[in-house]
Amino acid sequence: MLGSACSIFWFFTYRFTVLPVLIVIPLFLILGIAVPLPACRSIAQHTMVERLREAER
């Protein structure tokens, strides 16, 4: 796909920049930890039996 775009648009040059990736990776790591953590803590407050009883209803 990229090769055909380069042959049509001879003035087109593709350059992959690493800087946006390096900026986004720490953000995704923080979100990947910060989002599930409250969910796990709220689930852990109830015992397994209580959760199974709620699932039966």
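F11 sits in the loop that links helix α1 (2-8) to helix α2. In this predicted model, F11 has a relative accessible area of 57%, and because the threshold for an exposed residue is over 50%, F11 counts as exposed.

F11 does not stand alone at the surface: it belongs to a nonpolar patch. The other members are I8, F9, W10, F12, Y14, F16, V18, V21, L22, I25 and L29, and together with F11 they offer about 1,400 Å² of accessible area. Helix α2, which spans residues 19-34, is the main contributor to the patch, supplying 4 residues.

Turning to the overall fold, the protein contains 4 helices and 0 strands, arranged along the sequence as α-α-α-α. None of the chain is classed as buried: the share is 0% of the 57 residues. The accessible surface of the protein amounts to about 5,600 Å², and carbon and sulfur atoms account for 73% of this area.

A word on confidence is helpful here. The mean pLDDT of the protein is 84, and 88% of the residues reach at least 70. Among the elements, helix α2 has the highest mean pLDDT, at 96, whereas helix α1 has the lowest, at 61. Where pLDDT is low, the predicted coordinates should not be read in detail. The two helices that flank the loop of F11 are thus the two extremes of mean pLDDT among the elements of the protein.

How values were computed. Residues numbered from 1 in each chain as written. Predicted model: local features only at pLDDT ≥ 70, side-chain atom pairs only at ≥ 80, totals over all residues. Heavy atoms only, no water. Buried < 20%, exposed > 50% of the residue type's maximum accessible area, 1.4 Å probe, protein only. Areas by Shrake-Rupley, 256 points an atom, 1.4 Å probe, with all protein chains shown as cover. Patch = residues over 30% accessible without salt bridge, like charges linked within 9 Å, V, L, I, M, F, W, Y side chains within 5 Å. Salt bridge = Lys/Arg side-chain N within 4 Å of Asp/Glu carboxyl O. pLDDT = per-residue confidence, 0-100.
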